[in-house]
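Let's take a walk through this protein chain together. Have the model open in your viewer and turn it as you read.

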Amino acid sequence: MKVFVARQAIFNRKKHVVAYELLFRDGTKNSFPNVAENAATAKLIMDNQLNLGTRYLTSGKKALINIGEESLNQELAQFLPADDVILELLETIPPTSKNYEKVRQLFHSNYRLALDDFTYSKEWEPFLKLVRLIKFDLVETPLEEIEPLVNQLKKRKNLKLLAEKVETEEEFVHAKKMGFSFFQGYFFAKPTMIAQNDIEINYAIVMLIYAEALKPNMNIPRIAELFAQDTALAYKLLRLINSGVFPIKNRIESLKQALVYLGHERIIKFVNLIMTAHVAETKPTELTRLSIVRSRFCELLSRQVAPSLASMSFLTGLFSLLDAILDKPMDVVVERLPFPEVLRDALVGEPNTLYYILNTVKAYESGSWWAMQEACTMLNISDENLPDFHAQAVNWADMYRDHVY
């Protein structure tokens with residue numbers, strides 16, 4: 001499926017692009033869709049940060065991302081790498097003490113903060129010590145009206161000012177003389193649409209994971225089993241681990257290991273992010289279902305020929321079709337996943353045991369007796385167990401779908 005995002009460039013005083021604001025879109029129409037703010041932010045994170053990442057969308061520059069009150073309460077910013085983003089606190093957030101504490105936590109977690117479409121009141125004074133950027137909407141607050149406030153804010157060394165919705169050369173020159181450092185608007189560039197391929201998520205599996213995550217005694221092996229039933233969810237989980245949000249010391253060799261690394265609290269927040277982002281049921285594509293069958297098939301075969309590689313064999317099968325699903329070269333896809341070298345090599349076609357296991361599974365799927373015999377020879381096994389392994393894998397892949405639907 002296609003996912004969409006718009007980006008609008010932010011320029012400095014020399015008209016050089018220094019950052020991009022990322023704007024959620026749910027289709028090719030380049031306008032803000034009619035969705036709740038927190039759902040838009042959640043979708044932006046799920047479809048983009050946990051797909052190819054914000055750095056890909058912004059060509060390595062900072063990304064400005066909107067955060068409203070509900071996103072603040074759900075702590076959605078925790079799924080964004082602090083080094084890559086500037087969090088735009090929307091004007092709809094009331095300057096309460098509760099919200100101040102949430103913002104203060106983000107500040108002490110090294111997030112750079114901005115106030116969007118700012119209108120001054122004394123309640124915002126504590127926040128001004130935490131933010132580094134203030135945006136003024138020149139349509140809502142013309143330059144002549146805000147000049148006294150701008151003069152006061154310029155005295156704060158920690159603050160920079162951004163003029164938004166700059167429509168003319170005259171407005172740009174005027175804002176520049178007033179002391180604005182950054183500029184955004186149709187005078188410079190309209191938002192441009194970016195479409196990416198992503199994998200459809202099985203909403204039924206999301207619901208089962210959600211139910212498991214909310215139980216008093218979380219069963220991580222059971223949750224790992226459910227993640228394994230959906231290639232998209234497994235991919236998002238591993239992208240989260242490797243997204244720069246959390247430092248990782250060891251390579252991840254299984255979904256269970258990834259979940260243990262996250263811990264109970266982060267698992268619940270991650271599942272909440274998924275629930276918020278995907279409010280409509282979708283069914284797995286045939287490619288996704290085939291990758292799930294492959295994962296189990298590879299695991300069963302590995303238990304016969306290389307038991308110590310069973311977990312990695314499962315992941316090899318599960319992600320073996322990601323290049324086709326995302327329409328990108330496999331080496332580009334695996335570069336963004338926290339896999340051991342042996343697993344990466346297998347997926348990009350470098351011969352090793354995992355590669356030969358996957359190749360045997362592919363040969364069986366092709367129905368070519370000669371290809372299957374050659375593949376089995378590389379593993380030094382006969383083909384007698386392959387039909388049973390395949391039947392078990394198909395039944396395993398169908399189990400939850402039949403239960404839910």
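What follows goes from the overall build to a charged patch, two cysteines, a pair of backbone oddities and some distances.

First off, keep in mind that this is a predicted model. The protein chain has 405 residues, and 54% of them are buried. If you draw a box around the C-alpha atoms along the principal axes, you get roughly 85 × 45 × 40 Å. Inside that box you can trace 19 helices and 9 strands.

To get a feel for the span of the chain, pick Glu-123 and Thr-360. They are 237 residues apart in sequence, and their C-alpha atoms sit 66 Å apart in space. To find Glu-123, look in the loop that runs between strand 5 (112-115) and helix 5 (125-128). Glu-123 is partly exposed, with a relative accessible area of 41%, so it falls in the range between the 20% and 50% cut-offs.

Now swing over to the surface and look for negative charge. Which residues gather in a negative patch there? They are Glu-144, Glu-145, Glu-147 and Glu-170. Helix 6, which covers residues 143-153, gives the most to this patch, with 3 residues. Glu-144 is part of helix 6 and is exposed, at a relative accessible area of 56%. A residue needs over 30% relative accessible area to join a patch, so Glu-144, at 56%, clears that bar.

While you're on helix 6, stop at Pro-148, which also has its place there. Is Pro-148 buried or exposed? At 54% relative accessibility, Pro-148 counts as exposed. Then find Met-178, 30 residues away from Pro-148 along the chain: the two C-alpha atoms are separated by 10.0 Å.

Next, the cysteines, since a bench biochemist will probably ask about them. How many disulfides does the model have? The count comes to 0. Take Cys-298: the nearest cysteine sulfur belongs to Cys-376, and that sulfur is 13 Å away. Looking back from Cys-376, the nearest cysteine sulfur is that of Cys-298, again at 13 Å. A disulfide needs its two sulfur atoms within 2.5 Å, so a 13 Å gap rules this pair out. Cys-298 is buried, with a relative accessible area of 1%. Cys-376 counts as buried too, at 2% relative accessibility.

Finally, have a look at the backbone. Most residues other than glycine have a negative phi. Two residues here go the other way. Ser-59 has a positive phi of about 55 degrees although it is not a glycine. You'll find Ser-59 in the loop between helix 2 (54-58) and strand 3 (62-67). The other one is Glu-75, with a positive phi near 55 degrees, and Glu-75 has its place in the loop between helix 3 (69-74) and strand 4 (85-89).

So which of these two loop residues is buried, and which is exposed? Ser-59 counts as exposed, at 55% relative accessibility. Glu-75, on the other hand, is buried, with a relative accessible area of 18%. Buried means under 20% here, so Glu-75 qualifies at 18%.

Definitions and conventions. Residues are numbered from 1 along each chain as its sequence is written. This is a predicted model: local features need pLDDT of at least 70, side-chain atom pairs count only at pLDDT 80 or more; totals for chains, interfaces and linings use all residues. Side-chain values use heavy atoms; hydrogens and water are left out. Patches are made of residues with over 30% relative accessible area and no salt bridge: like charges are joined within 9 Å, nonpolar side chains (Val, Leu, Ile, Met, Phe, Trp, Tyr) within 5 Å. Accessible areas come from the Shrake-Rupley method with a 1.4 Å probe; for residues, only the protein chains shown count as cover. A salt bridge is a side-chain nitrogen of Lys or Arg within 4 Å of a carboxyl oxygen of Asp or Glu. Lys and Arg count as positive and Asp and Glu as negative; His and the chain ends are not counted. The place of a charge is taken as NZ of Lys, CZ of Arg, CG of Asp or CD of Glu. Helices (H or I, at least four residues) and strands (E, at least two) are DSSP runs, numbered from the N terminus. Buried means under 20% relative accessible area, exposed over 50%, partly exposed in between (1.4 Å probe, protein chains only).
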